[in-house]
Amino acid sequence: MAPLVNKSLLSFLMVLGCFFYGINVSAQVSVNEVPLIGAEVFIEPGQNENDVDTWFKRMKECGMTITRIRMFESYMHKPDGSWDYSLFDRAFKAGEKYNIKIYANLFPATDFDDVGGFKFPRSEAHLKSISNYIKNLAGHFKQFKSLYGWVPINEPGCGHYPKQEFTNLKLAEWKKLQPVAAFNKNSYVHFDFADERFLVDYNTWFLKWLTDEIHRYDNGRPVHVNNHAIFKNAAEYDFPKWRTFLTSLGGSAHASWHFDYFKRSQYAMALSANSEILRSGAGSIPWLMTELQGGNNTFSGNQAMCPTSQEISQWIWTTLATGSKGAIFWCLNPRMSGIEAGEWALLNFQNQPSDRMLAIGQITSTIGAHAQLFANAQVQESGINILYVRQSMWVEKKQSLDFANDFEARKPGAVMKSALAYFEALSQLGLQANMKEIAEFDFGSDDYTGKTIILSNQIAIPTAYYSKLKSFVQKGGKLIADGSTAYYNENAICVMNNKFPLKDLFGGVIKEYKMRDTLYNVKLNGYTQDFKAHAWQGYIEPATGQSLGKVGNEVIALENTYGKGKTLWIPSLLGLGSRLQNDYNNLGNLLCNEVNLKDVAFRFPNLEKDMMMKTLKSGNSYLTVIINKSGQKKELTLAGSKSEYKSQLLYTNSGGAVNGKVVSILPEETLVIKWDKN
């Protein structure tokens, strides 16, 4: 075999990292574990033992400590009913040889051109065949010390459930368990969203069934799952229930497949938001990013691209700065046949490391040299919570018309894009913001002083959350609501007619909404620059709230004191308008005035377009990850309550530097800075 490209450089970077970055293959991921970086090895017939050994050796040389393998039933289960595991055995033996942890991903028999695997069983017979597959698979591979855990299904979630025999049976069972609503002659006829609610429960049932089947034959082994297309599929994931039987949560975040709400220059931001949704979903259990795009996609994917080495670095550090315990790339070696043949890999066709893999090696070396620091790192909370509501996504999809191409707000996706707008604005201020489904927020605290909830164009708020939102503000919280937030309840009934149930919280009621324009100006008291808003505007009849802006004699914004807290209500789509304009300066100014910055450890002094910063705390130290997507060199002085700490540059992939609290960062560069008391 030809010598490795840059072998001397790779060895120099990795030796120290591998020395410190040793692992115990029998351990399971925990919140205090050193982050695990790796890539998926693709196993298929036609490979030989030397191929597999070489791939695991390359991972070891790169400081990688984890892989995932698709356990194709089709490549083990023979037509005569016998099983031949030898193709995969050598991979698990290689994992033991090179001390690489392996996540075994269930992949029951399916069509050869099925890229992601089926999501639900087709029939009772099919379910039994899956059970038999798990029995044989788990019973055999549990012998290997390299087996780290199981992934019961690849990328659950598909936006709908299949109309087939087994699903129809489960739907009938599910309907029998649903409470029968009492007849009320005064209630409105409404949608029931039964299909949407069933899909949430069906995903949970199948995932739990698979987990239970695994533990029948390999009891107690860690179980992990990777969600995908999170910005579109989030409404069908019941993460709080999943936590009760999963060991860790994960996700697939492929730029080519999953980031079509973003431009390429925003992919690091997209990954940051994706990661925050997963971190919230994981709650008290660990999470790690199960799939990131490793290489070029030729014919597969929605967008054709090859990640740069700088993007690879941005993506790893973004996930780690969001509390991830690691990242696994899809994939290490290119598959040889079928859909995706020759695509996505970190190794080139000569089994040598690409520039992307060399970049990963620099990061594993950094982690290895500071193993305990990164093992103990936790996200430094800001108290800012952007909430999305699954019922808003359901109602939006139900109400949207296929031919409604005139306004972004009338298309599916506007609900999530509105929430993302606030996330992007806060990120460009250098602030970490939580992204949570409303059911994941803790409404049980006694005091919310200094905490903020943002509901941007969350058009449907379930009635069960009216009292919870009131309690949040009453106990000192700040609620910011824009657009058509709370226009509907969970049944898509417009609650702004007649008696608005949140009148006392919002400080008034809507008189009516009027369609304005794609972008129009909104003037608010105390701000010299007009805000840009999108589509329709709400006109308010104040009750207890104080006017913050008018159009003629019509009130268009309120600030309302409620208990110990306040609500800021602007029934215009400021978030979506700012996103369409691609300018968050004015929205950023508003947020700086409304959210609590007093206890933020580090932030940018001003909004920095196309930049982001995330902050971790490890013991008495802080870690900031700063990424520059602006296309130009930036020099800025960090602000925040800990900005007087002494700085140490731990990682750079270019020529950036830090001097005290002054940061110099080049285009596409990522900096990781450690901060300690002087």
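**Exercise 1. Place N203 in the fold and describe its surroundings.**

Solution. Start with exposure: N203 has a relative accessible area of 5%, so the residue counts as buried (under 20%; exposed is over 50%, partly exposed in between, with a 1.4 Å probe and protein chains only). Next, find its element: N203 sits in helix α6, residues 194–217. Helices (DSSP H or I, at least four residues) and strands (E, at least two) are numbered from the N terminus. Finally, look for partners beyond four places in sequence: F120, G157, E236 and W242 are in contact with N203, contact being heavy atoms within 4.5 Å.

A word on the model before going on. This is a predicted model, where local features need pLDDT of at least 70, side-chain atom pairs count only at pLDDT 80 or more, and totals for chains, interfaces and linings use all residues. Residues are numbered from 1 along each chain as its sequence is written, and side-chain values use heavy atoms, without hydrogens and water.

**Exercise 2. Find how far the model can be trusted by its pLDDT.**

Solution. pLDDT is the predictor's confidence in each residue, from 0 to 100. The protein chain averages 94, and 95% of the residues score at least 70. Then check residues 1–27: their pLDDT is below 50, and the stretch has 59 contacts in the model beyond near neighbours in sequence.

**Exercise 3. Describe the largest pocket and its lining.**

Solution. Begin with volume: the largest pocket has about 880 Å³. A pocket is an open set of points on a 1 Å grid over the protein atoms alone, with protein on both sides within 12 Å along at least five of seven lines; lining residues have an atom within 4 Å of a point. Of the 30 lining residues, H190, D192, R197, E490 and N491 are the closest to the centre. Now turn to the elements: α5 (165–177), α6, α8 (239–242) and α14 (390–399) each give two or more residues, and α6 supplies the largest share, four.

**Exercise 4. Describe S654 and its partners.**

Solution. First locate S654: it lies in the loop between β23 (646–652) and β24 (657–659). Its relative accessible area is 39%, which makes S654 partly exposed. Last, its partners: leaving out residues up to four places away in sequence, S654 touches L666 and E669. The C-alpha atoms of S654 and I665 are 8.3 Å apart, with their positions eleven residues apart along the chain counted as separation.

Technical notes. 1 Å grid on protein atoms, 1.4 Å probe; cavity = no way out; pocket = protein on both sides within 12 Å on 5 of 7 lines; lining within 4 Å. Points joined across faces, edges and corners; volume = space filled by probe spheres on them.
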